[in-house]
Number of protein chains: 2
Amino acid sequence: MNKSQAKAILNQLKQESGSHSPSISTILRSVPEIKLSIDACYLSNPYATELLYKYIKKDLLETDRLKDIIEYYPAQNNDIARIIARGIGINPDKIFVGNGAAEIIQAVIHHFGGNKIAINIPTFSAYYEFTLPRQEIVFFKTRKEEDFQLNKKDYLEFLHREKPSTLVLINPNNPDGGYLSNQEIEELLEETQNLVDCFILDESFIHFAFEDTTLSPVNSEKLIDKYPNLILIKSMSKDFGIAGIRTGYSIMDETRRKELTDHGFLWNVSGLAEYFYTLYSSEYFKNEYDIVRKKYIMNTQMFLAEIQKIPRLKAYPSKANFALLEIQNGTSSFDFAMDLLLEHGIYVRDCSDKIGLDGAFIRVASRSFEENLKIIQALKQLGS
Amino acid sequence: MNKSQAKAILNQLKQESGSHSPSISTILRSVPEIKLSIDACYLSNPYATELLYKYIKKDLLETDRLKDIIEYYPAQNNDIARIIARGIGINPDKIFVGNGAAEIIQAVIHHFGGNKIAINIPTFSAYYEFTLPRQEIVFFKTRKEEDFQLNKKDYLEFLHREKPSTLVLINPNNPDGGYLSNQEIEELLEETQNLVDCFILDESFIHFAFEDTTLSPVNSEKLIDKYPNLILIKSMSKDFGIAGIRTGYSIMDETRRKELTDHGFLWNVSGLAEYFYTLYSSEYFKNEYDIVRKKYIMNTQMFLAEIQKIPRLKAYPSKANFALLEIQNGTSSFDFAMDLLLEHGIYVRDCSDKIGLDGAFIRVASRSFEENLKIIQALKQLGS
């Protein structure tokens, strides 16, 4: 297969995947000639995967406990919520466990989204794709001239004008990495508490954010007790590097949580996910994890600083584990991404399908230190 | 902890699990003193688990491919449907893949159940528990005097009288194992095709059924092309012994399948489940699996024959991998089940919460040949 044939197939796969990237396994099944070196489309901490896999080897493989985990029914949703509750110090009746954040987004939008949903763009497309035909979507567009930062004054004006039932914020935002501080989030919650029934805050990338040089963990989970209209959604695929296990949870008011689990979501957690949640809630794992979390943040910040030096690629400010890059050498984002894949074996996210992005954009994940060096080298070569 | 303390805790767990059994891991977390020997609550083929685990070891553990499976995003729902399609010879646009059958039951009932759902009892409780408040349920009760066999004449009269939008049949039925032949199923589809919008046929136990001594596989999947109101649901937890992986699929009309995947269910399949589906669709695995399927059926039929000889325990005819037993020595089903667990380490299903069962019933799964001998010995001892 030559390069243009490969590109045609990859273009076809991209179309079939809608506004998401085809998975690496799907790509390799269709174009087995690709020598994949780095998956920088997938936004995860590889050091956390290493740590978790070390535990899986010790706890499950060396003991053959994996066989039991595969064979038997995992615990029910409520029971898993109690395990997570121990780890995060939140009332278990306020915790809804999902088969990945995707399941939670779908459940929350369908059950609590109401008639009109305000979504800032560019953003993670599932939030508007999972809406039902009866639900109206209104977009609030952040501007690249403002580095995609949420302009709070304009945003509040927009909310007062549109009067949506639900608003969606991702913090840090995907695909640009823009960050709102804990204080800004609380101010927004305060100012919208009588304005929207449902304030969806997606903190799937919050473990990569920080407010000062101590890199201490930040999150808005405790705010549920003050703002019952808050629905916090947290994928764990990114921070723990375990997208294949499908993990994630949501913090929401008890009545909403009960409405969901009263009519379903009974056995939506796999045995491996149950094992992960138990590990996640243990003190010893938490301490080890915090070290790899900080190591990865420092690594990522160095990566972002290096990328900013590359001419004709504009990197936007990010407090997530990725950078949104604008290609300013005239190449389209699809061609740029495919050249990276076919010539360098590096898979990045072509953002041409992202609503709200005017221009040629790709999103590049930070990986390990060594992989980041290779990514920077390839970007320099292609960008020039 | 003494026996009555343990029983009190187990009773509490049972209450908290609603109309399902608490999982073995939940039980052992609460009463670690229990020496579990056999889980005969869980309805699976242990030989199939052995076979699958052999493949997992070879393909994933010895190669460390498990790490990739954990780390990366699995393929999307549509892509997995294409993998399954190769294995079962059904148009992939008619295949909806679920995170276990439980997710499919929920999706089908919520989206296509309509206003009135006819459910025969006793049955698997998720079908009525997952209904929405706006959905009316009408029960058709099969009688123990008729060995819980569906009385077709009465059933059709009931359907004509009640005019439900949806009917639910499990074949073989859970918890009694009663079986309707392929021909009977097709007759029912024919006679109800203008009567119900949605004919839900759950074939989660169909791999254990057979119509003659060749033990050839039976199922109703091909009938989808003739009866577009059919929705066939298939858990794979039972026949492959992999409840922990959460697998299952549904065969339904293309328009219904599209309605579901257009607004969600995008990444609901885990990496391990994706691996399983790929294996499942391969010829070499299918051949090996068919041997352990038949071995288990023969084993189960011997088990059922032995159980029928035990006095004061009435076993109802079953073509599934379990027996419904009526306890006729005056002991309650809870006490009988807990004595089996605490004295013999054998976990069975206390059916006291099952709607439509009048009397003291337990459901006992067939396990391996050696385990079945132990179960029979324990039943003889407690039943006498």
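Student: Hi! What radius of gyration does chain A have, and what would a compact globule have?

Tutor: Hello! This is a predicted model, and in it chain A has a radius of gyration of 21 Å. A compact globule with 384 residues would have one near 21 Å, so the two agree.

Student: Nice. What box do the C-alpha atoms of chain A fill?

Tutor: Taken along the principal axes, the box is roughly 60 × 55 × 45 Å.

Student: And how many helices and strands are there in chain A?

Tutor: The secondary structure of chain A comes to 15 helices and 13 strands.

Student: OK, on to the dimer partner. How many residues of each chain are in contact?

Tutor: On the chain A side 64 residues touch chain B, and 64 residues of chain B touch back. In chain A, the residues that lose the most area to chain B are Ile70(A), Tyr73(A) and His263(A), together 14% of what that side buries.

Student: How much area do chain A and chain B bury between them?

Tutor: About 5,100 Å², with 56% of it on carbon and sulfur atoms.

Student: What about polar contacts between chain A and chain B, how many residue pairs?

Tutor: The count is 36 residue pairs, with both residues at pLDDT 80 or more. Several helices of chain A each supply at least two residues to the side that touches chain B, among them H2 (24-30), H5 (77-88) and H12 (271-280). The largest share comes from H3(A), with seven residues.

Student: How do the residues on that side of chain A divide into nonpolar, polar and charged?

Tutor: There are 26 nonpolar, 21 polar and 17 charged residues on the side of chain A that touches chain B.

Student: Charged ones, good. How many salt bridges does the rule find across the interface?

Tutor: Twelve salt bridges run between chain A and chain B. One example links the side chains of Arg29(A) and Asp79(B), at 2.9 Å from N to O. Over all chains, a search of the whole structure finds 68.

Student: Can you show me one inside chain A? Which side chains meet at 3.8 Å?

Tutor: Try Lys67(A) and Glu71(A), whose side chains form a salt bridge at that N to O distance. They are four residues apart in helix H4 of chain A, so about one helical turn separates them.

Student: Back to the pair of chains. What turn and shift lay chain A on chain B?

Tutor: A turn of 180 degrees with a shift of 0.0 Å along the axis does the job, giving an RMSD of 0.0 Å. The two copies are therefore related as by a two-fold rotation axis. The same surface serves both copies, since 100% of the contact residues of chain A recur in chain B.

Student: Switching to backbone geometry: where is the peptide bond in chain A with omega near 0 degrees?

Tutor: That cis bond runs from Ile121(A) to Pro122(A). Pro122(A) sits in the loop between strand E3 (116-121) and helix H7 (126-129) of chain A.

Student: And in chain B, which peptide bond has omega near -10 degrees?

Tutor: The one from Asn171(B) to Pro172(B), also cis. Pro172(B) is in the loop between strand E5 (166-170) and helix H9 (182-192) of chain B.

Student: Last one: what is the phi of Arg312(A)?

Tutor: Phi of Arg312(A) is near 60 degrees, a positive value in a residue other than glycine. Most residues other than glycine have a negative phi. You can find Arg312(A) in the loop between helix H13 (283-307) and strand E9 (313-315) of chain A.

Note on methods. Residues numbered from 1 in each chain as written. Chains lettered and ligands numbered in written order. Predicted model: local features only at pLDDT ≥ 70, side-chain atom pairs only at ≥ 80, totals over all residues. Heavy atoms only, no water. Contact = heavy atoms within 4.5 Å. Buried area = accessible area lost by both parts, 1.4 Å probe. Salt bridge = Lys/Arg side-chain N within 4 Å of Asp/Glu carboxyl O. Polar contact = N/O pair within 3.5 Å; in protein donor to acceptor, adjacent residues only side chain to side chain. Nonpolar A, V, L, I, M, F, W, Y, C, P; charged D, E, K, R; others polar. Least-squares fit on C-alpha atoms with pLDDT ≥ 70 in both. Rg over C-alpha atoms; globule rule 2.2 N^0.38 Å.
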